[in-house]
Amino acid sequence: MCGIVAYIGSQKAYPIILKGLKRLEYRGYDSSGIALYSEQIETCKRKGRVAELEVWDEKITETATVGIGHTRWATHGEPSDANAHPHTSNNGQLTLVHNGIIENYASLKQELVQKGYTFKSETDTEVLVNFIEEIQKNNDYTLEEAMRVALKRVVGAYVIIVMENGFPDRLVAARKGSPLVIGVGEGEHFLASDASPIIEYTKKVIYVNDYELAIITQDEIILKNLGNETITPYIQQLDMELAQIEKGGFDHFMLKEIFDQPASLTDCLRGRLDSENQILTLAGIDQHLSIFTEAKRIVIVACGTSWHAGLVSEYIIEALCRIPVEVEYASEFRYRNPVINSGDVIIAISQSGETADTLVALERAKEQGAFIFGVVNAVGSSIARLSHAGAYTHAGPEIGVASTKAFTAQLTVLAMMAIKIGLEKKTLSMSEYKRYLAELALIPEKVKTVLDTHEAIQKVAIHYAAARDFLFLGRGYNFPVALEGALKLKEISYIHAEGYPAAEMKHGPIALVDEHLPVLFIATKDAYYEKIVSNIQEIKARKGKVIAVVSADDTLIRSMADHVMEVPEVDELLAPLLSVIPTQLLSYYIGVELGLDVDKPRNLAKSVTVE
Ligand code: AGP
């Protein structure tokens with residue numbers, strides 16, 4: 001889950017690649033490097049952030065109009081100058097950057113060592129560049145031919161971009177599993193892991209598919225498959241603005257994206273919820289309505305925060321559609337050889353649309369004939385293209401590693417799906433249908449009301465920033481929000497936090513409670529209210545510090561809790577859309593109070609494109 005950028009054209013390549021890598025740093029930021037081609041190929045690579053490369057003041061940074069760059073999230077070999085990309089082949093002819101994992105690199109390396117190859121790094125990537133050299137040398141192949149042959153022997157995921165000595169006017173790229181976008185300019189081309197480094201230069205892009213190879217010069221793009229058949233590139237128009245990927249005056253992308261939510265939820269509802277005429281339009285569902293109304297079972301597959309969105313929607317879909325739902329961790333589902341029956345519908349939830357475990361889990365399910373419906377944020381991403389149908393969440397680019405606005409947009413799409421299917425199945429009455437549409441239409445405004453309390457939430461955050469452990473508790477629709485709140489705090493503040501169904505406490509975790517443990521309850525007014533009041537009393541009885549997310553008109557819990565964070569009244573089914581916001585802000589403000597890099601938390605990356 002690295003970030004790669006490349007440029008070929010008439011402009012200076014170095015500043016374009018450097019800026020592009022900074023935009024992709026959320027994909028991995030433990031080491032980085034750039035290779036430029038002028039008279040010859042020269043490389044600068046360092047452990048650490050992309051900014052480290054700014055020291056490179058060689059003449060070539062002024063003259064080269066071709067180059068490749070990489071920002072890394074280590075998989076094979078710890079972060080170091082030697083393990084940083086680009087990597088060059090033993091004969092010095094080939095230099096490449098790689099995003100992905102070569103799973104059979106050890107056996108390939110053994111073959112090469114027996115042939116006298118030596119290695120400066122511990123990376124799978126250096127094995128790949130030398131393997132391509134070996135194939136090329138032995139068969140007197142062009143680089144393109146050698147890559148086609150070599151990649152047929154490679155097991156794993158990759159995007160590679162290769163420069164070859166003697167060919168200053170050409171880049172060759174290939175893709176399988178990891179994302180690659182090509183930006184089409186006038187007499188220049190841009191390559192990157194996603195569109196954010198490209199958007200300020202061109203909106204015309206090509207999404208490269210699996211097993212495709214691209215030969216790129218400044219004036220031409222030739223796309224081929226590994227079978228050497230030429231493919232007509234499909235140029236798409238990007239629907240993203242540069243401003244969307246800037247901080248917009250906020251200190252961090254995470255805070256900007258939390259405050260984006262009224263707008264991102266409005267965008268998510270736009271063209272779908274016509275509350276005036278009480279019509280809900282979801283093209284991906286409308287075109288396949290019978291598949292959903294006749295579904296025997298729905299299996300939701302996802303990871304991390306997207307998995308939590310899946311858990312909330314299990315409650316919503318079962319309640320409104322009376323279809324049994326199972327929520328699966330993609331990383332387990334892909335290896336468990338799950339039972340997939342006809343009539344099963346698989347819903348994949350993913351912000352990036354590139355999460356490797358989710359992608360492979362879907363491939364497995366698709367091989368068994370399941371219908372795949374994608375709920376994805378990144379337009380044109382692999383999961384979107386692998387799905388039979390889907391619904392984009394339209395939350396806009398999410399740069400902060402911690403997912404926030406994508407989560408609420410996912411919940412909104414899944415709620416709309418359930419309301420629509422429920423009405424069609426007549427498991428939801430027309431009056432209920434209309435009531436939920438009216439509630440949904442009010443959500444963006446209610447989110448704004450929660451955001452307006454950010455200063456009060458910041459005070460609570462500063463009060464608990466020194467805690468070493470945290471418990472998050474919820475019931476019903478709010479139970480997954482407790483899991484999500486705990487995940488956000490872990491990601492952003494490195495404080496050990498756990499989420500639990502509140503009633504589970506008595507079965508063990510309550511042993512953790514004492515006067516040092518903050519316990520955050522998601523306790524908005526719902527069918528479980530009385531139950532959660534007694535759970536709060538159990539914690540208070542053991543001197544636990546109680547923070548509660550409550551409905552604005554709550555008086556009882558307000559009198560019991562040490563601190564409260566309030567949200568407007570809302571139907572319990574949509575409560576997670578509001579009750580999660582205070583937990584997002586709490587995590588953010590605790591991370592800032594602890595002086596941590598909230599946009600690039602340690603050990604994490606935005607899109608997990610390796611398993
Ligand atoms: C959430 O804040 C994390 N970034 C992570 O758990 C994320 O949700 C998970 O990796 C899934 O990513 P996806 O939605 O892009 O598939």
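I count a polar contact as a pair of N or O atoms within 3.5 Å. The model I have open is predicted.

**Ligand contacts**

I started with Ser403. A polar backbone atom of this residue lies 2.7 Å from an oxygen atom of the ligand. Next I checked side chains. Ser306 places a polar side-chain atom 2.6 Å from a ligand oxygen. For Ser350, a side-chain N or O atom is 2.6 Å from an oxygen atom of the ligand. I then looked up the burial: the ligand alone exposes 410 Å², and the protein buries 91% of that.

**Ligand shell**

I find 14 residues around the ligand, with Ser306, Ser350, Gln351, Ser352 and Thr355 as the closest. By class, I note 8 polar, 4 nonpolar and 2 charged residues in this shell. Which helix gives the most to it? It is α10, with 3 residues. Both α10 (304-321) and α17 (479-493) supply at least two. I place the ligand in the second largest pocket.

**Cavities**

I list 3 cavities of 30 Å³ or more. The largest has a volume of about 50 Å³. Its lining includes Arg72, His85, His98 and Asp124. β6 (94-102) and α4 (124-139) each give two or more residues to that lining. I sort the lining into 5 polar, 2 nonpolar and 2 charged residues.

The second largest cavity has a volume of about 40 Å³. Here I record 9 nonpolar residues, 1 polar and no charged ones. Among them are Val5, Ile16, Phe190, Leu191 and Tyr201. β10 (189-192) provides the largest share of this lining, 3 residues. β1 (3-8) and α1 (13-23) each supply at least two.

Notes: Residues numbered from 1 in each chain as written. Predicted model: local features only at pLDDT ≥ 70, side-chain atom pairs only at ≥ 80, totals over all residues. Heavy atoms only, no water. Near = heavy atom within 4 Å. Polar contact = N/O pair within 3.5 Å; in protein donor to acceptor, adjacent residues only side chain to side chain. Areas by Shrake-Rupley, 256 points an atom, 1.4 Å probe, with all protein chains shown as cover. 1 Å grid on protein atoms, 1.4 Å probe; cavity = no way out; pocket = protein on both sides within 12 Å on 5 of 7 lines; lining within 4 Å. Sits in = over half its atoms within 2 Å of the grid points. Helix = DSSP H or I, 4+ residues; strand = E, 2+ residues; numbered from the N terminus. Nonpolar A, V, L, I, M, F, W, Y, C, P; charged D, E, K, R; others polar. Points joined across faces, edges and corners; volume = space filled by probe spheres on them.
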